[in-house]
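Biologist: I should like to learn how to read a model of this kind. Could we go through its features in turn?

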Amino acid sequence: MLLTLMPSLQIELHKFLAQFIRNFDFEMVDPKKPWRITTYWFAYQYDQHMKIKLRPGSKIREWSEKS
Amino acid sequence: MLHLVSHPNNPLTRVCRGAGADTTSIGMRACLYFVAKYPDVYRKLQAEVDQFYTDNKLDRPISYVETQRLPYLQAVVKECTRLFPSIVYQLLRYAPNNFTVRGYKIPAGTHVGISPLAQNRDKEIWGQDADEFHPERWMQDEARTKYLDTSTMTFGGNGPRMCVGRNIALVSFLQSCDASNANAVASDRAA
């Protein structure tokens, strides 16, 4: 059951990454300590702190108000 | 991003919210991590997406079908999920009779499985730079990409024991979503 949902992962990741890099500038707060990972079934990341800034000319606010 | 507004009585929806959300959020964090870590990848990816927006005078969020026209974006997503698969646990199977792996006899009925992490970083498949983040490995030539696509254990496996629901998954996924959001995804597919 779990793995039948993997195609949705593939779809969402492409849209997410393209839209994110189109609309934001981003960097790790501390590249030496990017995250903490705990692995069981999933490999969860914790404490992944990033600086995120809206890019000049980004229309993501307009778009999200429309939808 | 896709917002799921669910019908509360649909059991699939509950699985979507739990398992589907986990695999996706892990993938998102992995993508941001690797792209932030490699400035040359960051610049190249942003340039590709920006170019697509300019060329197509796009004034809305990019659709999934459109993202499939961005070769570098696809390579980056594949490389991020190769090095950091959302599910790292082995999916166990019973070993059949007369089962041998590289000279090791495995008794019938033994629980066996492959770690997605080990598979996705096997030097025999990926080469000496298996542990390195190198999206270009997916863009060498068609035959090589096909081979790597069938070797990666990120989207439900491959071969006779791959995820049986891979092709029907999307249909089920759409049926369990709110109609308006389902339409948004459906138009992505039809575009």
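**Reading the model**

Modeller: The model is predicted. Chain A is a convenient start: its secondary structure comes to 2 helices and 4 strands.

Biologist: In what order do the elements of chain A run from the N terminus on?

Modeller: The order is α-β-β-β-β-α. Of the 67 residues in chain A, 31% are buried. Among its contacts between residues at least 6 apart in sequence, 44% join residues at least 24 apart.

Biologist: How should I judge the predictor's confidence, and which elements of chain B have the lowest and the highest mean pLDDT?

Modeller: The predictor reports its confidence for each residue as pLDDT, from 0 to 100. Chain B averages 79, and 70% of the residues score at least 70. Among the elements of chain B, helix α9 (residues 179–190) has the lowest mean, 43, and α2(B) the highest, 97. Residues 1–6 of chain B have a pLDDT below 50, and this stretch has 16 contacts in the model beyond near neighbours in sequence. Over residues 174–191 of chain B the pLDDT likewise stays under 50, with 25 contacts beyond four places in sequence. For the complex, the predictor gives an ipTM of 0.87 and a pTM of 0.78.

Biologist: Let us turn to α2(B). Which of its residues are buried, and why are they on the same side?

Modeller: An α-helix has 3.6 residues a turn, so residues three or four places apart point the same way. In α2(B), the residues Val41(B), Leu45(B) and Val49(B) are buried. They cover an arc of only 55 degrees around the axis, which puts them on the same side of α2(B). The face turned away from the buried side carries exposed residues, including Asp40(B), Arg43(B), Ala47(B) and Gln51(B).

Biologist: How far does α2(B) reach, and what comes just after it?

Modeller: Helix α2(B) spans residues 39–55, and its 17 residues reach 24 Å from the first C-alpha to the last, close to the 24 Å expected at 1.5 Å a residue. Just after the helix, Lys57(B) takes a positive phi of about 45 degrees.

Biologist: Which elements give two or more residues to the largest nonpolar core?

Modeller: In soluble globular proteins, nonpolar side chains tend to be buried together. Here the largest nonpolar core has 27 residues, and Leu17(A), Cys31(B) and Val76(B) are among those with the most contacts inside it. Two or more residues come from each of α1 (6–23) of chain A and α1 (11–37), α2 and α4 (71–83) of chain B. The largest share, 8 residues, comes from α1(B).

Biologist: With which residues is Leu17(A) in contact?

Modeller: Leaving aside neighbours within four places in sequence, Leu17(A) is in contact with Cys31(B), Leu73(B), Val76(B) and Val77(B).

Notes:
Residues numbered from 1 in each chain as written. Chains lettered and ligands numbered in written order. Predicted model: local features only at pLDDT ≥ 70, side-chain atom pairs only at ≥ 80, totals over all residues. Expected span 1.5 Å × (residues − 1). Buried ≥ 20, exposed ≤ 12 C-beta atoms within 10 Å, placed from the backbone. Arc of directions from axis to C-beta. Contact = placed C-beta atoms within 7 Å. Core = buried A, V, L, I, M, F, W, Y, C linked by C-beta atoms within 7 Å.
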